[in-house]
Structure formats: C-alpha cells, structure tokens
Amino acid sequence: MTVAVYPGSFDPVTNGHLDIASRAAGLFDRLILAVYETPPKKAVLFPLQERLDMLRLACSTLPDVQVEAFSGLIIDYCRRVGAKVIVRGLRMTSDFEREFEMALMNKNLAPEIEVVCLMARTEYQFLSSSLVKEVAGLGGSIENLVPPHVVSALQAKLPRLKEIQTGQKGG
Ligand code: ADP
C-alpha cells in the first residue's frame, strides 16, 4: 500500500490545490493532506484550525484522503505515517526553482522518500492562495477560484485583509 503526503500552508485551499489532491488521490492508496501548523517564512491569514476545517470540507468527497496538521520536517512526518511519497503541485513560472531545491534537500535527508510533482492545469497556472487573498481584499470576484465555503470565509476576513493591504499590523 502506497501512502502519499501532500503538504502545504493551504491559506486558504484553492481549486488548484484541490485539482492536485484529486489527481494524486487517484494515483496512491492513501493521501494525507498535511497542513503546516506554522508555515516557514510565511504569515498566515487563517489560523490552523480554520485552514484544516476548510480543507476537510473541500476534500470530503475524495476517497481515501485525510487532512492532518503537522509541524517540523516533512520527511519526519512522512516516516511517522509510513508515507513513501511527497506530492507537490508545479506551476509554470513560480514553483520550479524552490520545489527543485526542496526536493533535493529532502532526498539528501531521506533517500527512501520520492517527490512526485504534478503539473498544474492550464486554468490554475496563475492561481495562488496569496493572489486570491489579494483580490478578495480588493473586492474582486474569486468564485471560480475557490470552493463556496472559502469565498464566505474570505468575506468574513475582509477587515483583516484590508488592514494587511493598507500596511497596518503586518501579516
Ligand atoms: P506552500 O507554503 O508549501 O507553498 P501552498 O499551500 O502555497 O503551500 O502550496 C502547496 C502546494 O500546492 C505546493 O506544491 C504548491 O506549488 C501547490 N500549488 C499551489 N497552488 C497551486 C495551483 N494553482 N495549481 C497547482 N498546484 C498548486
């Protein structure tokens, strides 16, 4: 049985993440979406529990998919849950260098674990959680980019998003 882990901040989950998750779910016996408790070098808008809840609801119809929180090194988490594969999504321009660097580092730390990158679909190439937050904060429509419950969650965060965009209180 092959267990795979798809790690990310998911702040918030987008349709691009969900496309990768559903395609990966078809490739492996079990897929764990692992949500960073505290993403390295990133300030998050949604606290961990909200990111987990949004992702769980979004993945509720995917078979053999679990959503869990993790902290520390992803390879340690993979070893703990018996996963041999790390799944990542690759967008054309923004991801390659960073993903390559991380994959090589993880290979160095854990030679038994493979990184499998799935190419982002054309329509999601320019979709990122940060862009969704930026557009939502400016009042733009994000309905075709994230699940409906994420649209509502972003609307509820509008005051905070506006604060961030006008440079108040960081984050
Ligand atoms: P991280 O903080 O690890 O980059 P993200 O939640 O931003 O976490 O992304 C998690 C994974 O999903 C990464 O591999 C990222 O490249 C991938 N990803 C993000 N957006 C998309 C998208 N639109 N299409 C395909 N993959 C994506």
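Let me start at Met1, which sits in the segment before β1, the strand that covers residues 3-8, and please keep in mind that what we have here is a predicted model. With a relative accessible area of 74%, Met1 is exposed, and yet, once its neighbours within four places in sequence are left aside, Met1 is in contact with Asp29 and Arg30. There is also a separation to note between Met1 and Ala83, since these two residues are 82 residues apart along the chain while their C-alpha atoms are separated by 9.5 Å.

Now to the chain as a whole. Its secondary structure comes to seven helices and five strands, and if you read along the sequence you find the pattern β-α-β-α-β-α-β-α-β-α-α-α. The C-alpha trace spans about 45 × 30 × 30 Å along its principal axes. For 171 residues, a compact globule would have a radius of gyration near 16 Å, and the chain, at 16 Å, agrees with that. Of the 171 residues, 45% are buried, and if we take the contacts between residues at least 6 apart in sequence, 75% of them join residues at least 24 apart. As for the surface, the chain exposes about 9200 Å², of which carbon and sulfur atoms supply 57%. The chain carries 19 positive and 19 negative charges, and the mean positions of the two sets are 3 Å apart.

Let me turn to the aromatic rings. How many aromatic pairs does the count come to? Taking rings whose centres lie within 6.5 Å as a pair, the count comes to four aromatic pairs. One of them joins Tyr36 and Phe70, whose ring centres are 5.2 Å apart and whose planes stand at 45°, so this pair is tilted. The pair links distant parts of the chain, because Tyr36 belongs to strand β2, residues 30-36, whereas Phe70 belongs to strand β3, residues 65-70, and the two are 34 residues apart. Is Tyr36 buried or exposed? Tyr36 is buried, at a relative accessible area of 17%, and Phe70 likewise counts as buried, at 2% relative accessibility.

A second pair to look at is Phe96 with Phe100, where the ring centres are 5.3 Å apart and the planes lie at 20°, so that this pair is stacked. Both residues lie in helix α4, which runs over residues 96-109, and because they are four residues apart there, about one helical turn separates them. In terms of exposure, Phe96 counts as partly exposed at 48% relative accessibility, and Phe100 is partly exposed as well, with a relative accessible area of 46%.

Which residues form one aromatic cluster? Tyr36 and Phe70, the two residues of the tilted pair, form one cluster together with Tyr77.

The last residue I would like to show is Ser129, which is found in helix α5, residues 129-137. At 14% relative accessibility, Ser129 counts as buried, and, not counting residues up to four places away in sequence, Ser129 touches Asp11, Pro12, Thr14 and His17.

Technical notes
Residues numbered from 1 in each chain as written. Predicted model: local features only at pLDDT ≥ 70, side-chain atom pairs only at ≥ 80, totals over all residues. Heavy atoms only, no water. Phe/Tyr/Trp six-rings, centres within 6.5 Å; stacked < 30°, edge-to-face > 60°. Buried < 20%, exposed > 50% of the residue type's maximum accessible area, 1.4 Å probe, protein only. Contact = heavy atoms within 4.5 Å. Rg over C-alpha atoms; globule rule 2.2 N^0.38 Å. Areas by Shrake-Rupley, 256 points an atom, 1.4 Å probe, with all protein chains shown as cover. Lys, Arg positive; Asp, Glu negative; His and termini not counted. Charge placed at Lys NZ, Arg CZ, Asp CG, Glu CD.
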